[in-house]
Amino acid sequence: MGLLAARLLAQQGLKVELLDSGGLGAEASWAGGGIVSPLYPWRYAAPVGELARWSQGYYPQLGTDLSSSTGIDPEVQKTGLYWLDLEDEARALAWARTEERPLVCLPRSEVLERLPMLGADFARALYLSDLANVRNPRLLRALQRLLLQYDNVSLLPGFRVESLLVGRGRVSGVRTASGEEHAADAVVLTAGAWSGQLLATLGLDLPVEPVKGQMILYKCAEDFLPAMVLAKGRYAIPRKDGHILVGSTLEHVGFDKTPTAEALASLKASAEALLPALAEAEVVGHWAGLRPGSPDGVPFIGEVPQYPGLWLNCGHYRNGLVLAPASCELLKNLMLGETPIVDPMPYSPAGRLGPA
């Protein structure tokens, strides 16, 4: 959220400083899977779908632009996604008809012809051919390299913001852990699962909490898996070089990001049931990240009415990557008085923040 918002605001000539307590984009943005879609889009509130649709159309060109301008390919690849044995298949198909999406129902035999590496323990599948995934660590590196080309952008990793500066009834900057003060006409809070901690310093309760997710990574042949697959809440995502990403857990354990043996065993069991050949493949990575959980997954985008000058772009829960382009465009629209790309009311912080 911070990197994309900085890019859009800088393109409009604004001077932007981007502060991060650690490395830029090193939390949920790096740790997630990179599917350019909610896992089950028909189960989400309409405001989530609005942002997802806009962003899905934006990603292919974003990938091309970043690759050509930075030399780093974010690997936006349209592989399609198979859902196996969905409990709410009828609801999914009804959603697809309404949204005019090419979701089709396939029997087990046809799916195995297309994906012979799949385990056979399923009866049918739904397939959506136009879904893509992006290699999020490469996307983050490309965005950082791009922003380094802007004279009006300062990237400040390792600057932990401890509090917000308030003067004359409005937010006028931030104070870091080292005591440095950074004055600003506007402050945009894109701190993910940590956003609520900063708002609490102003006496406001932002209902965003950390939700831990663990992932594992396999290395296979480049042509091992041609499409994304999702079954029983677990997914496998192919990368261009043959890496297969499998996720994810859903854990409410506070800010603990420690990978666990229990999650590793559970993810491996899911991976091997989905793709039996992975039993012979090496796990080359296992990590955890913290999603910014929020009610119904609807993010907070807009100015905080109690504190003019403070803007939110946070609380995207499991869909930060897919919602980011539209969220940041909407934020820019609101900050600069432009016509918003979608109705901003469902995302507005007004009436959604309580006293801390």
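Okay, let's start with helix α8, which runs over residues 261-274. It has 14 residues, and from its first C-alpha to its last it reaches 20 Å. That's close to the 20 Å you'd expect at 1.5 Å a residue. Keep in mind that what you're looking at is a predicted model.

So which residues of α8 are buried? They are A263, L267, A271 and L274. These four cover an arc of only 65 degrees around the axis, which puts them on the same side of α8. Go round to the other side of the helix and you find A261, E262 and A273, which are exposed.

And what do the buried residues of α8 pack against? Strands: β3 (81-84), β13 (209-219), β14 (228-231), β15 (234-238) and β16 (243-247).

Stay in that area for a moment, at the loop between β16 and α8. S248 lies in that loop, and a cis peptide bond joins G247 and S248, with omega at about 0 degrees. Most peptide bonds are trans, and most residues other than glycine have a negative phi.

That second point brings me to two residues with positive phi. One is K232, where phi is near 50 degrees. K232 sits in the loop between β14 and β15, and with 79% relative accessibility it counts as exposed. The other one I want to show you is D296, with a positive phi of about 65 degrees. D296 is in the loop between β17 (283-293) and β18 (300-303). Buried or exposed? D296 is exposed, at a relative accessible area of 62%.

Now let's zoom out to the whole chain. The protein chain has nine helices and 20 strands. For 356 residues, a compact globule would have a radius of gyration near 21 Å, and this chain has 21 Å, so the two agree. Along its principal axes, the C-alpha trace spans about 70 × 40 × 40 Å.

How much of the chain is buried? Of the 356 residues, 52% count as buried. As for surface, the chain exposes about 15300 Å², and carbon and sulfur atoms supply 50% of that. On contacts, take the ones with a separation of 6 or more: 73% of them come from residues 24 or more positions apart.

A quick word on cysteines. How many disulfides does a search of the whole structure find? Zero. Two cysteines to look at are C105 and C220: C105 is partly exposed, with a relative accessible area of 32%, while C220 counts as buried at 12%.

Last, two residues in other helices. R91 is in helix α4, residues 89-99, and at 45% relative accessibility R91 counts as partly exposed. Leaving aside neighbours within four places in sequence, R91 is in contact with W42 and R43. Here's a distance to try on your screen: R91 and D73 are 18 residues apart along the chain, and their C-alpha atoms are separated by 36 Å.

Then there's N333, over in helix α9, residues 320-336. N333 is buried, with a relative accessible area of 2%. Which residues does N333 touch, once you leave aside neighbours within four places in sequence? N333 is in contact with E338, T339, P340 and I341.

If you open the model afterwards, begin with α8 and look for its buried residues, A263, L267, A271 and L274. Then step back to the G247 and S248 cis peptide bond.

Notes:
Residues are numbered from 1 along each chain as its sequence is written. This is a predicted model: local features need pLDDT of at least 70, side-chain atom pairs count only at pLDDT 80 or more; totals for chains, interfaces and linings use all residues. Side-chain values use heavy atoms; hydrogens and water are left out. The expected span of a helix is 1.5 Å times one less than its number of residues. Buried means under 20% relative accessible area, exposed over 50%, partly exposed in between (1.4 Å probe, protein chains only). The arc is that of the directions from the helix axis to the C-beta atoms. Contact means heavy atoms within 4.5 Å. A disulfide is a pair of cysteine sulfur atoms within 2.5 Å. The radius of gyration is taken over C-alpha atoms; the globule rule is 2.2 Å times the number of residues to the power 0.38. Accessible areas come from the Shrake-Rupley method with a 1.4 Å probe; for residues, only the protein chains shown count as cover.
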